[in-house]
Amino acid sequence: MDLTMPKKNFRPLLHSSVLSCFVLCWGTGAGILYAQNHSQNQKLRAGESNIISPKQEKSEAPKMANTIKLPEPVYKSSISVEEAILKRRSVRDFSNKKLPIELISQLLWSAQGITDKTNKFRAAPSAGALYPMELYIVSPDGIFHYIPDGHRIQKLQGDDLRQDLANACWGQNFVAVAGISIIIAADYGRTTWRYGNKGIRYVDIEAGHIAQNIHLQSVALNLGSVPVGAFNDKAVKSLLKLPAAQQPIYVIPVGYPVRETLLPETPENEK
Ligand SMILES: Cc1cc2nc3c(=O)[nH]c(=O)nc-3n(C[C@H](O)[C@H](O)[C@H](O)COP(=O)(O)O)c2cc1C
C-alpha cells in the first residue's frame, strides 16, 4: 500500500477548497451587486427618479403631490407607420388652439409610456434600461412633469410660459403658438455611472429615439411638430426650474398645423 497516496491527494483537495471558497465569495459579492443594481433599476423604471446614482442629491427628488392621471392611450390608428414616416415634416406654422388632454396623453405615452408592465420597459429603448430622461410640457395651463409610472403628470406651476420658452429658444416664435412643447431633459449620471463617457453618447442617442416617437405619433394624430435643438440651455433650465442634475436636450413644439401636411407624390398617391 502506498502511504504517500493520501498526501498526494491532499494538494488538489486543498486547491479545490480554496477555489470553491473564492468562487463562493465572488458569487455572493456579484449577487449582492446585481441585486442592488436590479432594485435600483426597478425603482427607476417605476418613475421613482430620486433613486438614480449614488451621487444623486436626495433633495432633487420630484415631489409627487398634485398629480393628474392621464386618459388611457389608444393603441390603434387609421394610419400605418410607413405613412407616418412618409408624411412627417417639420411643422412651424401652428394654430393657437389648445390640445385636448387625450392628445397630450397619447404624445407622452409614445415618448416614455410604460409598454411592458412587468419589466417597466418604456416606449423608447434605453441603454441598460436605465431611463435617464425626464419629460416636461409647457402648455397654456402651466408646466407639467410626466411620470411614466401610472401614466400621470404633475403640475409644477400654472402660468402660460410658452412665450418665455420661445424667447429661450432664441426667439423661435412658433414655440409660443404651438399647443404644447415637450421638453426632453436628461440626467446623464443615471447612465454614465454604469457606462462611463460612452454613456453620454447613449443618452443623446436616446433623446433621438424619444423625439422620433413624438414626431410619428404627432403625424398619426394629425398634429404638426418640429425638433428644436437651438435654445439657450441655461434659460430653458431656469424656466423649468430643472433639478441641477438635469439638462434640457430637446424642445419639441406640437400643435395643430395651419396647413395639412401634403403627402409627397408617390406612384401610390398619383392613382
Ligand atoms: C438636432 C436637431 C436640431 C434641430 N433644431 C431645430 C431648431 O432649432 N429650429 C427649427 O426650426 N428646426 C430644427 N430642426 C429641424 C430641421 O431644421 C429639420 O429637420 C430639417 O430642416 C429637415 O426637415 P424635415 O424635418 O421636415 O425633414 C432640428 C433638427 C435636428 C435633428
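In this predicted model, Gln246 is in contact with Glu134, Ala185, Ala186 and Asp187 once neighbours within four places in sequence are set aside. The residue belongs to the loop that runs between helix H8 (233–240) and strand S9 (247–255). Its surroundings are well populated: 22 other C-beta atoms lie within 10 Å of Gln246, and because the threshold for a buried residue is 20 or more, Gln246 counts as buried. A link across the sequence also appears here, as the C-alpha atoms of Gln246 and Pro132 are separated by 9.1 Å although the two residues are 114 places apart along the chain.

The loop between H8 and S9 also holds Lys241. Here the setting is of another kind: with 10 other C-beta atoms within 10 Å, Lys241 is exposed, whereas Gln246 is buried. The backbone of Lys241 deserves a glance as well, since its phi is near 50°, a positive value in a residue other than glycine.

A phi near 50° is likewise found at Ala129, again a positive value in a non-glycine residue. Ala129 sits in the loop between strand S3 (121–122) and strand S4 (133–139). It has 15 C-beta neighbours inside 10 Å and is therefore classed as partly exposed.

Turning to the ligand, the residues around it are Arg89, Ser90, Arg92, Gln172, Val226, Pro227, Val228, Gly229 and Ala230. Sorted by class, this shell comprises four nonpolar, three polar and two charged residues. The charged members are Arg89 and Arg92, while the polar ones are Ser90, Gln172 and Gly229.

Notes
Residues numbered from 1 in each chain as written. Predicted model: local features only at pLDDT ≥ 70, side-chain atom pairs only at ≥ 80, totals over all residues. Near = placed C-beta within 6 Å. Helix = DSSP H or I, 4+ residues; strand = E, 2+ residues; numbered from the N terminus. Buried ≥ 20, exposed ≤ 12 C-beta atoms within 10 Å, placed from the backbone. Contact = placed C-beta atoms within 7 Å.
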